[in-house]
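Me: Could you take a close look at one part of this model for me and then work outward from there? I would like the reasoning as well as the numbers.

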Amino acid sequence: MTLAMLQQFKKSFYQLFQVTIAAGMIGLTGQAANAGQLYNGWNYAIDSFSDGSGGEAYNIRGLALKEEGGQVFVALNGGTPLTGVSNAAAADGNIGWGDLFFNFSGTNFQAAQGNVFGIRFAGTNDSGAASTGVYQGVRAKSGTSENHGYNSLRQYYNYGYAKTNTLGTDLPTTQAAYAYLYPTNVANSPTTGNTPILTAINTGTKVGNINMLSRNALTGLDFGHFGARGSQTFGFSFDRSLLPDGNFLAHVFLECGNDGVALAGTLQEVPEPTGLLGLTMVGLLGSVGWLRRKAS
Ligand SMILES: [Ca+2]
Ligand SMILES: [Ca+2]
Ligand SMILES: [Ca+2]
């Protein structure tokens, strides 16, 4: 995919979820997405640097993804360590990362429940997934109350965290965030009662493992290019074949709902080697036939 194609897709994605709610809104207030955050082969979503409730230990700065050599690589940057932060107010004494969700359905996240992919990458979090890895057929749950967090996205915004790039550069406004996470009727009238923050896998089927990667193994990664310089950078990879082809929206919240980020991207179709050979043969035979007809 070229940079121009990615830019167009990211812009379209943002507009889709703006248009979804436009009918019920007085007008559009969001600016065009700061799209096309492609750099050194990585696709970036840069999150607000000042929307981590509780300070930098609960602040996400970016999410990035690249596809290379039959693997998908994911990287995160912010102030929250992979193993979370000790906090006596949490049921398990720790507040950390939730699970990462991939939605290829083109619908809002709530409508997509049961048809979502989820990745548990933090081995110490409160996921309903038994172990780290990639899961399909996922339904998500909210773990914010056990993690001393926000009971709803609306409550988080009511506390003053409705900042620009609230869920990163691909879902930059509160309207876009509501429109992606909830059905239209909720997005048009978000309350503290109808906007739970789904932070973790509840149920799903494990389809593969992930490989945790050191900073140095994340070749080409450069959050600093976008000014995202959180103290924590980590990532992981998994087999490309575990996810379908096409456009997706990926997102992750901290377990407390104190911050979240989303990334719009595309996983391109990978042709089967035998299929490709077959197509080449058909093409060659077709050319031969055409040449024969032309000669006769
Ligand atoms: Ca943030
Ligand atoms: Ca926890
Ligand atoms: Ca955020």
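Reply: Happy to. A residue counts as exposed when its relative accessible area is over 50%, and as buried when the area is under 20%. The model is predicted, so please read every value below as computed from that prediction.

Let's begin with H148. This residue has 51% relative accessibility and therefore counts as exposed. H148 sits in the loop between β9 and α2, and its phi is near 55°, a positive value in a residue other than glycine. A second residue with this feature is N165, with phi near 65°; N165 belongs to the loop between α2 and α3.

The loop that holds H148 also holds N147, and N147 leads us to a metal site. Around the calcium ion (ligand 2), the donors are D92 (OD), D92 (OD), N94 (O), D126 (OD), N147 (OD1) and E255 (OE), at 2.3 to 2.7 Å. Why is this arrangement irregular? The 6 donor atoms subtend angles of 48 to 160°, and an octahedral site of six donors would need every angle other than those of opposite donors to lie between 65 and 115 degrees. Along the sequence, the donor residues of the calcium ion (ligand 2) follow the spacing D-x1-N-x31-D-x20-N-x107-E. N147 comes from the loop between β9 (133–141) and α2 (153–161), while E255 comes from the loop between β13 (246–253) and β14 (260–267), so the pair ties together parts that are 108 residues apart in sequence. N147 and E255 are both buried, whereas H148 is exposed.

The site of the calcium ion (ligand 1) makes a useful counterpart. Its protein donors are D47 (OD), S48 (O), D51 (OD), N59 (OD1), I60 (O) and D259 (OD), lying 2.2 to 2.4 Å from the ion. Here the angles among the 6 donor atoms are 79 to 175°, and the site is octahedral. The spacing of these donors along the chain is D-S-x2-D-x7-N-I-x198-D. Two of the donor residues have computed burial values to go with this: S48 is buried, with a relative accessible area of 6%, and D51 counts as buried at 0% relative accessibility. One more ion comes into view through D47, which coordinates both the calcium ion (ligand 1) and the calcium ion (ligand 3); these two ions are 4.0 Å apart.

Back to the loop of H148, which runs on to α2. In helix α2 we find Y157, and its partner Y178 is in helix α3, so this pair ties together parts that are 21 residues apart in sequence. The two rings are edge-to-face, 5.6 Å centre to centre with 85° between the planes. Y157 counts as buried at 9% relative accessibility, and Y178 is buried with a relative accessible area of 7%. Y178 also pairs with Y182, this time in a tilted arrangement at 6.4 Å centre to centre and 45° between the planes. Like Y178, Y182 is buried. Helix α3 (residues 174–181) is mostly covered in any case, with 7 of its 8 residues buried; among them are Q175, Y178, Y180 and L181.

Y180 gives a link to strand β7, because N103 touches Y180 along with N108, F109, A112, N247, F248 and L249, leaving aside residues up to four places away in sequence. N103 lies in strand β7 (residues 100–103) and counts as buried at 4% relative accessibility. Its side chain reaches the backbone oxygen of T107 at 3.0 Å.

F248, one of the residues touched by N103, belongs to an aromatic cluster together with W97, F102, F104, F117, F121, F234, F236 and F238. From that cluster, F234 takes us into a sheet: F234 in β12 is the bridge partner of L76. Strands β4 (residues 71–78) and β12 (residues 232–239) run antiparallel and are joined by 8 bridges. They belong to an open sheet of 6 strands, ordered β1-β2-β3-β4-β12-β11, with antiparallel pairing. β1 (38–39) and β11 (211–213) stand at the edges with a single partner strand each, so one side of each is left without a neighbour in the sheet.

Conventions. Residues numbered from 1 in each chain as written. Chains lettered and ligands numbered in written order. Predicted model: local features only at pLDDT ≥ 70, side-chain atom pairs only at ≥ 80, totals over all residues. Heavy atoms only, no water. Donors = N, O, S within 2.8 Å, 3.2 Å for Na, K, Ca; no water. Tetrahedral: all angles 85-135°; square planar, octahedral: opposite > 155°, others 65-115°. Helix = DSSP H or I, 4+ residues; strand = E, 2+ residues; numbered from the N terminus. Buried < 20%, exposed > 50% of the residue type's maximum accessible area, 1.4 Å probe, protein only. Contact = heavy atoms within 4.5 Å. Polar contact = N/O pair within 3.5 Å; in protein donor to acceptor, adjacent residues only side chain to side chain. Pairing = 2+ DSSP bridges. Phe/Tyr/Trp six-rings, centres within 6.5 Å; stacked < 30°, edge-to-face > 60°.
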